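Work through the following exercises with the sequence and the three-dimensional structure side by side. Try each task before reading the solution beneath it.

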Amino acid sequence: MHTDLVAALDIGGTKIAGALVDGDGSLLVRAQRPTPAREGAEAVMGAVDEVLGELMASPLWGRAGSVGIGSAGPVDAAAGTVSPVNVPGWRDFPLVERVHKTAGGLSVALVGDGVAMTAAEHWLGAARGYDNALCLVVSTGVGGGLVLGGTLRPGPSGNAGHIGHISVDLDGDPCPCGARGCVEGIASGPNIARRALENGWRPGPYGDATAAAVAVAARAGDPVAIASYERAAQALAAGIAATATLADLDIAVVGGGVAGAGDVLFAPLRRSLRDYATLSYLRRLTVAPAVMGNDAGLVGAAAAAIALR
Ligand SMILES: [Zn+2]
């Protein structure tokens, strides 16, 4: 049997998505379930099995040669386990072994969701054609992944490129991870909104106090909203500059909900990068918005399975 497809799973705190993906990155069959994130380990696995079951019922299933999983982290690719922060029932859950069993013995590749997004952007998106890339997901948290020398580099644990927990403020606020002054504590969506509120920004009549609402206010000229995005951009720039200085990067691709702020984020980000990425070999470093959108997780899980084959 010709096995030219990959079964991809994208596992997050709100939904579990699956697809059969072909060699061009097209999603031929899709399935999705809400994540029963407040329930026990077996209930969550039950939802994964239902998604897989739907894919396996497709006449195309016989062409699936492997399974790629992108999961909310942290993941432990070496052990084949996941412990997603927002799925408390799964701690060191043996996801690879369980999916291997459900999927009839196919080989299974596991990476973190930031690495999956990076694989997607490198395969078909904004990092295509760049051999040395850092891709970031700036959302409820801040994750990422690395392509070095033209190859996806998830590291032995599957978490390499997790830029959200680089410290950019040595004596900064404590981070839930245990360190201080992490990029995520300054640049994530909830922290952009929190800082704006603390400095006197007030949501509009509908009470929307999200980072997206702060972006709308910033575009309308609200100085507190602008300053909160500038601070987030500064933290991202410092983290990107540190990574680029170490790894000699060509491009940083920024996606996730916060990147939807557009120039409100990207203009100060490009300005701040000039302050932090100063060495001559970093002059070629460009910043681009991610382009793969909602399917990045699934396309990236497939790309990771192919890249790590
Ligand atoms: Zn941290």
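**Exercise 1: Backbone exceptions**

At 56% relative accessibility, D92 counts as exposed, where exposed means over 50% relative accessible area, buried means under 20%, and partly exposed lies in between, computed with a 1.4 Å probe on protein chains only. This is a predicted model, in which local features need pLDDT of at least 70 and side-chain atom pairs count only at pLDDT 80 or more, while totals for chains, interfaces and linings use all residues. Residues are numbered from 1 along each chain as its sequence is written, and side-chain values use heavy atoms, with hydrogens and water left out.

Task: Find where D92 and D248 lie, and state what phi each has.

Solution: Begin with D92, which lies in the loop between strand 6 (81-82) and helix 2 (95-102); helices here are DSSP runs of H or I with at least four residues, strands are runs of E with at least two, and both are numbered from the N terminus. The phi of D92 is near 50°, a positive value in a residue other than glycine. Next comes D248, located in the loop between helix 7 (223-247) and strand 11, with a positive phi of about 60° although it is not a glycine. D248 is partly exposed, its relative accessible area being 34%. As a last step, turn to P74, in the loop between strand 4 (64-71) and strand 5 (75-76), where the peptide bond from G73 to P74 is cis, with omega near 0°. For background, most residues other than glycine have a negative phi, and most peptide bonds are trans.

**Exercise 2: The zinc site**

Task: Determine which protein atoms are the donors of the zinc ion, and what geometry its site has.

Solution: First list the donors, which are N, O and S atoms within 2.8 Å of the metal (3.2 Å for Na, K and Ca), remembering that water is not among the atoms, so sites may look incomplete. The protein donors are H165 (ND1), C175 (SG), C177 (SG) and C182 (SG), lying 2.0 to 2.3 Å from the zinc ion. Then examine the angles among the 4 donor atoms, which run from 105 to 117°, making the site tetrahedral; four donors count as tetrahedral if all angles lie between 85 and 135 degrees. Along the sequence, the donor residues follow the spacing H-x9-C-x1-C-x4-C. Both H165 and C182 lie in the loop between strand 10 (151-152) and helix 4 (183-187), so the pair ties together parts that are 17 residues apart in sequence. Finally, compare their surroundings: H165 is partly exposed, with a relative accessible area of 29%, whereas C182 is buried, at 2%.

**Exercise 3: Two open sheets**

Task: Give the strand order of each open sheet of 5 strands, and say which strands stand at the edges.

Solution: Start with the sheet whose order is 3-2-1-4-7, with mixed pairing; two strands pair if DSSP finds at least two bridges between them. Strand 3 (27-34) and strand 7 (107-112) stand at its edges, each with a single partner strand, so one side of each is left without a neighbour in the sheet. Within this sheet, strand 1 (residues 5-11) and strand 2 (residues 15-21) pair in the antiparallel sense over 6 bridges, and the bridge partner of D10 in strand 2 is A17.

The other sheet has the order 10-9-8-11-12, and its pairing is mixed. Its edges are strand 10 and strand 12 (286-289), each of which has a single partner strand, so one side of each lacks a neighbour in the sheet. Strand 8 (residues 133-138) and strand 9 (residues 142-148) pair in the antiparallel sense over 6 bridges, with L136 opposite G144 in strand 9.

**Exercise 4: A buried helix**

Task: Is helix 3 largely enclosed or open, and what span does it reach?

Solution: First check the span: helix 3 (residues 113-124) has 12 residues and reaches 17 Å from its first C-alpha to its last, close to the 16 Å expected at 1.5 Å a residue, the expected span being 1.5 Å times one less than the number of residues. Then consider burial: 9 of the 12 residues are buried, so helix 3 is largely enclosed by the rest of the structure. Among the buried residues are G114, V115, M117 and H122.

Conventions. Tetrahedral: all angles 85-135°; square planar, octahedral: opposite > 155°, others 65-115°.
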